[in-house]
Amino acid sequence: MQKKISKIPFKGTPEQKEKLDAIIEANKHDKSRLMAVMQEAQEIYGYLPMEVQNMIADGMDVPLEKIFGVASFYAQFSLTPKGEYNISVCLGTACYVKGAQSILDELSDELGIDVDECTEDGKFSLNACRCIGACGLGPVLTVNDEVYGKLKAQDVPEIVAKYR
């Protein structure tokens with residue numbers, strides 16, 4: 001599954017850039033620290049937009065293609081911002097056979113975004129994941145750290161309304 005790139009404009013702050021510049025400066029002479037720098041950059045910004053990938057590439061003298069390749073390959077990295085409320089639908093086998101796809105489809109319709117996207121107001125992001133270990137409650141979704149189980153598509157509007 002190919003990761004999406006954010007359509008939301010980048011809004012980095014001077015403080016964030018200063019933090020990232022310090023991290024790059026401390027690590028720029030050791031290319032083996034690339035993933036660690038990327039992880040710290042994601043902690044600062046919440047995701048790895050192209051602007052941040054460019055800063056890392058320039059600062060560490062690493063081709064942008066390598067940065068993007070790592071960011072798009074590893075699941076730990078996100079190319080899109082996360083909303084205030086990050087909704088994740090489990091598509092593991094147990095949840096999937098119990099109707100998780102219909103939950104995901106309903107959430108996409110309700111929020112007006114696709115998987116790996118964030119609403120323009122930054123309030124909600126939508127993700128699909130593989131098995132969160134709550135198979136007996138399937139289908140399951142999480143909103144940040146709150147777990148909702150034994151769901152039906154008609155439960156989605158009420159869950160979303162709690163966070164609006």
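**Exercise 1. Classify Leu137 as buried, partly exposed or exposed, and place Leu137 in the fold.**

Solution. Leu137 has a relative accessible area of 38%. Buried means under 20% and exposed means over 50%, so Leu137 is partly exposed. This classification, like every value below, is computed on a predicted model. In the chain, Leu137 lies in the loop between β3 and β4. On the surface, Leu137 joins Ile132 and Val147 in a nonpolar patch. Together the three residues have about 230 Å² of accessible area.

**Exercise 2. Describe the overall architecture: how many helices and strands are there, and in which pattern do they follow one another?**

Solution. Step one is the count: the protein has seven helices and five strands. Step two is the order, which reads α-α-α-α-β-α-α-β-β-β-β-α along the sequence. Step three is the extent: the C-alpha trace spans about 50 × 30 × 25 Å along its principal axes. Step four concerns burial and surface. Of the 164 residues, 43% are buried. The accessible surface comes to about 9100 Å², and carbon and sulfur atoms hold 51% of that surface. Step five concerns contacts: among those with a separation of 6 or more, 64% join residues 24 or more positions apart.

**Exercise 3. Find the largest nonpolar core and state which elements supply at least two residues of it.**

Solution. The largest nonpolar core has 26 residues. Ile87, Val89, Leu107, Leu141 and Val143 have the most contacts inside this core. The elements that each supply at least two of its residues are β1 (85–90), α6 (100–111), β3 (124–129), β4 (141–143) and α7 (156–163). Of these, α6 gives the most, with five residues. Now take Val143 as an example. Leaving out residues up to four places away in sequence, Val143 touches Tyr85, Asn86, Ile87, Tyr148, Ile159 and Tyr163. Another core lies apart from the largest one; this other core has 21 residues, including Leu20, Val37, Leu48 and Met55.

**Exercise 4. State which residues of helix α3 are buried and which helices they pack against.**

Solution. Helix α3 covers residues 50–60, and its buried residues are Val52, Gln53, Met55, Ile56, Ala57 and Met60. These residues pack against three helices: α1 (14–27), α2 (34–45) and α4 (64–73). Just after α3, Asp61 takes a positive phi of about 55 degrees.

Asn27, in helix α1, gives one contact with Met60. Its other contacts, leaving aside neighbours within four places in sequence, are Arg33 and Val37. With a relative accessible area of 10%, Asn27 is buried.

**Exercise 5. Describe the surroundings of Phe10 and decide whether Phe10 is buried, partly exposed or exposed.**

Solution. Start with position: Phe10 is in the segment before α1. Next, burial: its relative accessible area is 27%, and since buried residues fall under 20% and exposed ones over 50%, Phe10 is partly exposed. Then list the contacts, not counting residues up to four places away in sequence: Phe10 touches Tyr45, Tyr47, Pro49, Glu51, Val52 and Met55. For a distance across the model, take Glu146, which is 136 residues from Phe10 along the chain. The C-alpha atoms of the two are separated by 28 Å.

**Exercise 6. Explain why Cys90 and Cys95 do not form a disulfide.**

Solution. A disulfide is a covalent bond between the sulfur atoms of two cysteines. The assignment used here requires the two sulfurs to be within 2.5 Å. The closest cysteine sulfur to that of Cys95 is in Cys90, 3.6 Å away, which is too far for a bond. Seen from Cys90, the nearest cysteine sulfur is that of Cys95. The structure as a whole holds zero disulfides. As to burial, Cys90 is buried, with a relative accessible area of 3%, and Cys95 is buried, also at 3%.

**Exercise 7. Determine whether Thr119 is buried or exposed, and list what Thr119 touches.**

Solution. Thr119 lies in the loop between β2 (117–118) and β3. Its relative accessible area is 10%; the limit for buried is under 20%, so Thr119 is buried. Not counting residues up to four places away in sequence, Thr119 touches Ile8, Leu111, Ile113 and Phe124.

Definitions and conventions
Residues are numbered from 1 along each chain as its sequence is written. This is a predicted model: local features need pLDDT of at least 70, side-chain atom pairs count only at pLDDT 80 or more; totals for chains, interfaces and linings use all residues. Side-chain values use heavy atoms; hydrogens and water are left out. Buried means under 20% relative accessible area, exposed over 50%, partly exposed in between (1.4 Å probe, protein chains only). Helices (H or I, at least four residues) and strands (E, at least two) are DSSP runs, numbered from the N terminus. Contact means heavy atoms within 4.5 Å. A nonpolar core is a set of buried Ala, Val, Leu, Ile, Met, Phe, Trp, Tyr and Cys residues joined through side-chain atoms within 4.5 Å. Patches are made of residues with over 30% relative accessible area and no salt bridge: like charges are joined within 9 Å, nonpolar side chains (Val, Leu, Ile, Met, Phe, Trp, Tyr) within 5 Å. Accessible areas come from the Shrake-Rupley method with a 1.4 Å probe; for residues, only the protein chains shown count as cover. A salt bridge is a side-chain nitrogen of Lys or Arg within 4 Å of a carboxyl oxygen of Asp or Glu.
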